[in-house]
Structure formats: C-alpha cells, structure tokens
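Biologist: Got a minute to go through this one with me? I'd like the overall picture, then some details.

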Amino acid sequence: MSTFKKFTPQDYAIVPFNAHKQYNFVSSSASSNSINHYTGKWTSESIDLHGPGAIKYNQIDNLFYRNFNKINNISTGDKYFGHDDLNYLKHQRKLYEHVRILSIPMGLYGHEIKPGSFYLSSSTYEVIDDGYGNLVRYDQKDLIDTNYETDVRSRILDIGPINGFKRYDLNVYDGYTVDGIDQYFYLDGVKRVNPISSYSTPEGDEYDDSYFYNLLQYKNVNFSSQTLNGGNFPCIDFNSTILPSIKVGHKGDFNFNKNDDFTISFWAKINHGGGGTSYLVSKSTTKEANPGNFPELHNSASNPYSTPYEIEAEPQFPFEIYAIGNQIYFSRSDGEITTTINGTFTLNTMTYFTCRVKDGTMAIFKNAVSLVTGTDNTIKQTQNTANIYIGNKGGKEKYLNGSISQIQIYNKAITNTQIGFHLNHGNSSPYIGNIFYKNGFITITHPKYLSMLAGANIIQSLQFQGSHQIYEHEYQCTIEEHEYNNTTNISARKIGSIYEQEIAGFQTSSVFKPYVTTIGLYNESNELLVVGKLAQPIRMSNETDTTFVLRWDT
C-alpha cells in the first residue's frame, strides 16, 4: 500500500552546516591537485615591465596588505576585502619587497580553510597558523607570547620602515602621472632631468609602522637593504654631511618617569670614526612652540609665523641614546640628577642594541647580550615636551653617519628571552607570513623565511582542513490515522498471489496494523528524487497520526 502526500512550505526546511575534511599532501600530490606556489616581487611601475611576479605581488598587496591598518578601522566601520571579522590587535600583516605565495583551489578548501588546521613543512622550516591568520614556526607555537612581545599596544613607536624598499631608488616614481601632470622619472631608459640624492618627507602626512600611526618626518636620508640576522630588511641611511634627521612629535606616551619601565631597541651601523659623536635616539634638547607666543620669532625667514618653531626643551629628559667613538651611552635626567651607563661596540658593524629600564635598573644589551647595567638615580620627573629625534641631537648637531633599522619603543620592559628572539627574527616579530582562510592564499613575507616556498618540490608536507558547506534538507510527512490502515502485500491476501483480491482473515482483526518500510520523495512530474529505506519497519496506528522526518544532505 502507498500513500501520497503533497508538501506545503511548512513541511520542509533547509539547514546549512560546515563539514571539515582533512587533506594531506606532499609535493607531487599537491601539484597534481593544482596546489601551486609563486614568487612575487615589488616592481616600480615606471621602470620595469610588469611580469607575472610583479602582477601577483600587486594583487596580494592590493587585496590584503596595502593600508591594512587604516582600512581595518573599527571606529569608521570600514571592512577589508569583504571581511568583517578582522582585528588589528590579532591580525599582523607586513609585506616587504618579496613574497612567496601558495594557492589552494576552492574545490579543496571549500568555504574556507579551517582556522588553526594549517601545517606546512619544507626542507628548512615547519610552520602552522595561529588561528588568527598569522603563520608562525611550529617549534615556537606554544611560546609566542613568552618569546616575543606581540601586543601591538605596547610597541608605541615602530619605524622599520616596512615600505623603505620602495625608496631604494629615489629617482623612480611608482606611477606615470600625478593629478594629470607628467613626472620626471625613469621611463624607457630615460633618467630624471634633476636626480634626487636624498629623501625628505613631502608635504602631507607620513607615519610610522605602529598601531598608533605616529606622525614622523624624514629629512635628508636614504634607504637601503641590510641583512639583519638572515633576512634583508629596509634600512635608513644617514650621511652626516647633509644633516640627516628623523623627527617624531612629542606625545605623552613617550614620557617615562621614575618607576616607569620601558624598552628601546634598534639595529645600527655607526661609521663616525673613533673620535666621533652621534646621537641615535633621544627625547631631549628641542621642542616645538608656536611663534605667536614668542614675539622675537615673528617673521623668521626660516620659520614662517604659521609654522611651529623649535626651541630649547626642558632640562629633564626620559632618554638619550648616543655614541662617542666605540662607546654607546644610555642616559636619563630629572633636570638635576643624570644617570648614564655605557659600553663598547664595534664601529661600522650592524649591531642590535636594546636599552631598557626595569624596576629602576638601566641596562644596555648588544646583540641580545647584557653589556652594562646601572641604577636609575633620578628622583623627580623626567618627562618633557621635546620631540623624539633619531640620527642627531635635537635636530641641530651630532649627526649620525651610518644606518639604523627597526627602531622600536615599548612602554614596558621586555624580557631577556624576548630580546634574544627579537634579535633572531630581525624585525622582532614571530610572524613569518599570513593565511587568508576564505581565499585559499598562504603568503610567506618575512625576509628570513622566503626560501620556504622557493624552487621546485619544496613541499614536504601540507595539511589543512577544508570547511565545506553542506545543506541538510528536512521534510516532515504526517500520515493521518485513517490514511494508512491496509496493505497490498500479497502475504496479507487469502491466497498468496498478486491476482488475489480477497484479504486474509487476520486483516479484520482489531490488532492488525500495517508497517511502513520505504519513504520516497517525488517531484511534480512524479519522478522519484530521494528514497529512504527504514532501518526497521514502523507499525502504523489507526488511532493517532504518525509523522516521519526525512533528512538528506547536499
């Protein structure tokens, strides 16, 4: 016996859910499944043809990295590439001159790569994702917060500069026109008419690489590539003969008083000779004032009335770091008492310096090894309203001849362990790339780890889980008590034959109930779409309705 029921919209529902499928590949199986890796490199548009590497670099940069800090702005509600779940406190993105890209087809990862499921090993390193889109070394996965200072709110100044590589050659322009006006740059082999020999911040705003977007000004500097513990990073070059400088305006964040812990770290190559003096990083000597408050400064040819004027700052200062000969000095002053410690280093050698105040003790580390310590004897406040100057003293004297990179100021005392790992990674970051779960892209961006996805047959093991969205269809079929109280099974006929019409006597008994064994779904053309066989026959009732629920996935 069969009963046909027509469904109404209230009788069915569709429920989506994710099923995670584990994938495991080696180099050969990855290639056969269309998992490819690429090399990308930033290319100046005005001097080079855009080959495949440059195109891929610009695509990745435009989609995921360019202006990431600004675009992912919670206060303005801006979204980045359609994602609404980004958190700049968790998601870290740094893109240098080169990038390695691993591309996984959508057919494998489905809706997204499940966060926390990615693993990649090559002949050199093993990496995993941290669940927030950052790639970290597998052997450090459980000690990231112990080995590195990862809270971006504690790094109150950060001048890599990440994008310094775009200014290695100042005589090229990344584009053909500005506001419709032709520029002078390399074009088809033709050089600029008036070459540029140094870089100064143009009119407009320029910022550091930190979470806080500190305004800064470059003056008469250049940029180059320097090897910092295994990776090539952009570096700022200072030529003392042209009076170079970096200035960061006064902020209360940089005022460290008695009992305040803080850390200043940077890489530096100092070439001023045995008798030279160079100021490296300091907040002392000079501050800015509005000429309107100082009549004697009015109509100054070098400082128009509307421009803040630089004057002498208060006598106290939270920090000065400078070098005399092959001695590096770290000083603090409350205006009456000045505490200074110093130690030796090697001139004309890229060195990682860390100056720290922790629990009233001042310390200098050279290449993560303690060089000298001393007690901070200041008593009164050391805060002032001076600017931070890098590469000179107060923007006026004792200019650096050499190079600086990865200038970072923390509002806490980072640990000895962290100092060592910051040295080892060059840019003080544990993150070696990113994974974009919803797009199937994996990028290696840290200069030290680019070899992971370079060359052929480099994937020893690739593992991840693809989140495939599946839809569960649910149909409810209710059989009323009078609709299924008989059967066409020949065993219920008086004679066991399909031609026998007379029912067997037991069917007339009050205890007789037919059983359901099969349920089918048909379309409006009476074509069978889905058939469901019950695990065991279900006995029907002639006293109450019976409801069957049929589910299947697509």
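Modeller: What follows is a walk through the fold, one central strand, a few contacts and the charged pairs.

Modeller: Keep in mind that this is a predicted model.

Biologist: Noted. How many helices and strands are in the chain?

Modeller: The chain has 6 helices and 32 strands.

Biologist: And what share of the residues is buried?

Modeller: Of the 554 residues, 47% are buried. The accessible surface comes to about 27100 Å², and carbon and sulfur atoms account for 47% of that area.

Biologist: What about contacts between residues far apart in the chain?

Modeller: Taking contacts with a separation of 6 or more, 70% are between residues 24 or more positions apart. Leu-102 in strand β3 gives an example: its C-alpha atom is 6.3 Å from that of Thr-443, which is 341 residues away along the chain.

Biologist: Is Leu-102 buried or exposed?

Modeller: Leu-102 is buried, because its relative accessible area is 0%. Beyond its neighbours within four places in sequence, its contacts include Ile-35, Phe-118, Phe-441, Leu-453 and Leu-462.

Biologist: Moving on to β15. Why is that strand described as largely enclosed?

Modeller: Strand β15 covers residues 262-270, and 9 of the 9 are buried, so the rest of the structure largely encloses it.

Biologist: Which residues sit on each side of β15?

Modeller: One side has Phe-262, Ile-264, Phe-266, Ala-268 and Ile-270, while the other has Thr-263, Ser-265, Trp-267 and Lys-269. Both faces are covered. In a regular strand, side chains alternate between the two faces of the sheet.

Biologist: Which strands does β15 pair with?

Modeller: β15 runs antiparallel to β22 (residues 351-358), joined by 7 bridges. β15 also pairs with β26 (residues 402-410), again in the antiparallel sense and over 7 bridges. Ile-264 faces Cys-355 in β22, and its bridge partner in β26 is Ile-409.

Biologist: You mentioned Cys-355. How many disulfides are there?

Modeller: The count is 0 disulfides. Cys-355 is buried at 0% relative accessibility, and Cys-477 is buried at 17%.

Biologist: What does the loop before β15 touch, say at Asn-257?

Modeller: Asn-257 lies in the loop between β14 and β15. Leaving out neighbours within four places in sequence, Asn-257 contacts Arg-332, Gln-381, Thr-382 and Gln-383. Asn-257 counts as buried, with a relative accessible area of 16%.

Biologist: Different topic. How many salt bridges does the structure hold?

Modeller: There are 16 salt bridges. One of them pairs Arg-137 with Asp-139, with the closest N and O atoms 2.8 Å apart. Arg-137 is buried at 14% relative accessibility, whereas Asp-139 is exposed at 53%.

Biologist: Which pairs link distant parts of the chain?

Modeller: Arg-167 and Glu-206 are one such pair, with closest N and O atoms 2.7 Å apart. They lie 39 residues apart, Arg-167 in the loop between β8 and β9 and Glu-206 in the loop between β10 and β11. Another is Lys-287 with Glu-314, at 3.5 Å from N to O. Lys-287 is in strand β17 and Glu-314 is in the loop between β18 and β19, 27 residues apart.

Biologist: Which residues form a salt-bridge network?

Modeller: Lys-247, Glu-288 and Glu-310 are linked in one.

Biologist: Last one. Which residues make the nonpolar surface patch of about 300 Å²?

Modeller: That patch is made by Tyr-522, Leu-528 and Val-531. Tyr-522 belongs to strand β30 and is partly exposed, with a relative accessible area of 44%.

Notes:
Residues numbered from 1 in each chain as written. Predicted model: local features only at pLDDT ≥ 70, side-chain atom pairs only at ≥ 80, totals over all residues. Heavy atoms only, no water. Patch = residues over 30% accessible without salt bridge, like charges linked within 9 Å, V, L, I, M, F, W, Y side chains within 5 Å. Areas by Shrake-Rupley, 256 points an atom, 1.4 Å probe, with all protein chains shown as cover. Salt bridge = Lys/Arg side-chain N within 4 Å of Asp/Glu carboxyl O. Helix = DSSP H or I, 4+ residues; strand = E, 2+ residues; numbered from the N terminus. Buried < 20%, exposed > 50% of the residue type's maximum accessible area, 1.4 Å probe, protein only. Pairing = 2+ DSSP bridges. Contact = heavy atoms within 4.5 Å. Disulfide = S-S within 2.5 Å.
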